[in-house]
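Morning, everyone. I'll go through one chain today, from the sheet outwards. Please have the model open.

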Amino acid sequence: MNNSKEFLAIVSAELKENTPNWDNLLKLILKHFQCVTGTLHFLDKASLLQLQSQVGIPEFLIPKLSTIPIGKGMAGIAAERRKPVEMCNLQTDDSGVARPSAKDTKVEGSLAAPLMYSDNLYGTIGIAKPVPYDFTETEMDLLMQIGELISKKLS
């Protein structure tokens with residue numbers, strides 16, 4: 001299923017539920033992007049990113065990524081910049097963008113994108129592969145479109 005329009009229609013259908021199953025939605029997104037790990041954070045009233053759903057994150061790391069301040073780690077920086085943050089290999093990153101504990105996920109190619117709608121931030125979505133990988137502009141755009149659909153549901 002490489003067709004982006006088809007996939008966006010599937011995401012839209014999932015979001016039509018009164019209370020979407022965020023875990024199922026995240027699993028669908030990971031499958032589409034051929035990723036093994038993912039997170040979905042929603043922005044709370046204190047402007048902190050709160051973990052809503054995750055797939056493939058080691059249990060001992062959950063407390064470290066349950067609440068993320070804007071500007072910290074890949075998700076926090078994607079939220080701060082309001083644009084995707086991509087890393088070809090999280091394991092060899094020395095830019096300071098990823099938190100040191102992020103390496104404990106054992107993932108390499110990583111992408112975090114803000115959930116945006118009408119210039120408002122609603123959270124972030126993160127996906128990752130177990131191998132080095134450069135996400136394409138097309139893939140980043142698709143993740144941003146998915147984020148917009150999620151944000152519309154949250155607005």
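The sheet is open, with 6 strands in the order 3-2-1-6-5-4 and antiparallel pairing. Strands pair if DSSP finds at least two bridges between them. Strands here are DSSP runs of E, at least two residues, and helices are runs of H or I, at least four, numbered from the N terminus. Strand 3 and strand 4 stand at the edges, each with a single partner, so one side of each has no neighbour in the sheet. The twist averages 25° from one strand to the next.

Some ground rules. This is a predicted model: local features need pLDDT of at least 70, side-chain atom pairs count only at pLDDT 80 or more, and totals for chains, interfaces and linings use all residues. Residues are numbered from 1 along each chain as its sequence is written, and side-chain values use heavy atoms, with hydrogens and water left out.

Now zoom in on the pairing of strand 1 (37–43) with strand 2 (48–55). The two strands pair in the antiparallel sense over 6 bridges. Find His41, which is in strand 1. What is the bridge partner of His41 in strand 2? The partner is Leu51.

Is His41 buried or exposed? His41 is at 1% relative accessibility, so this residue counts as buried. The cut-offs: buried is under 20% relative accessible area, exposed is over 50%, and partly exposed is in between, with a 1.4 Å probe and protein chains only. Leaving aside residues up to four places away in sequence, His41 touches Leu49, Gln50, Leu51, Gln52, Leu65, Ser66, Ile68, Leu115, Tyr122, Gly123 and Thr124. Contact means heavy atoms within 4.5 Å. A polar atom of the His41 side chain lies 2.7 Å from the backbone oxygen of Leu65. Look at Ile125 too. Its C-alpha is separated from that of His41 by 6.3 Å, though the two residues are 84 apart along the chain.

Next, the helices. Helix 2 (22–33) lies across strand 1, strand 2 and strand 6, running at about 70° to strand 2. Axes are lines fitted to C-alpha atoms, for helices over the stretch in contact, and angles run from 0 to 180 degrees between N-to-C directions.

Helix 2 also packs with helix 1, residues 4–15, at an angle of about 175°, with the axes 10 Å apart. The two helices are therefore roughly antiparallel; that label needs an angle over 145 degrees. Helix 1 contributes Phe7, Ile10, Val11, Glu14 and Leu15, and helix 2 contributes Trp22, Asn24, Leu25, Leu28, Ile29 and His32.

Just past helix 2 comes Gln34, in the loop before strand 1. Its phi is near 55°, positive in a residue other than glycine. Gln34 is at 62% relative accessibility, so it counts as exposed.

Last, helix 4 (73–81). How many of the 9 residues of helix 4 are buried? The count is 7, so the helix is mostly covered. They are Gly73, Met74, Ala75, Gly76, Ile77, Ala78 and Ala79. These buried residues pack against strand 2, strand 3, strand 4, strand 5 and strand 6. Helix 4 runs at about 40° to strand 5.

Helix 4 is followed by Arg82, whose phi is positive, near 60°. Arg82 is found in the loop that leads to strand 4 (85–87). At 39% relative accessibility, Arg82 counts as partly exposed.

Technical notes. Polar contact = N/O pair within 3.5 Å; in protein donor to acceptor, adjacent residues only side chain to side chain. Parallel < 35°, antiparallel > 145°, perpendicular 65-115°, else oblique.
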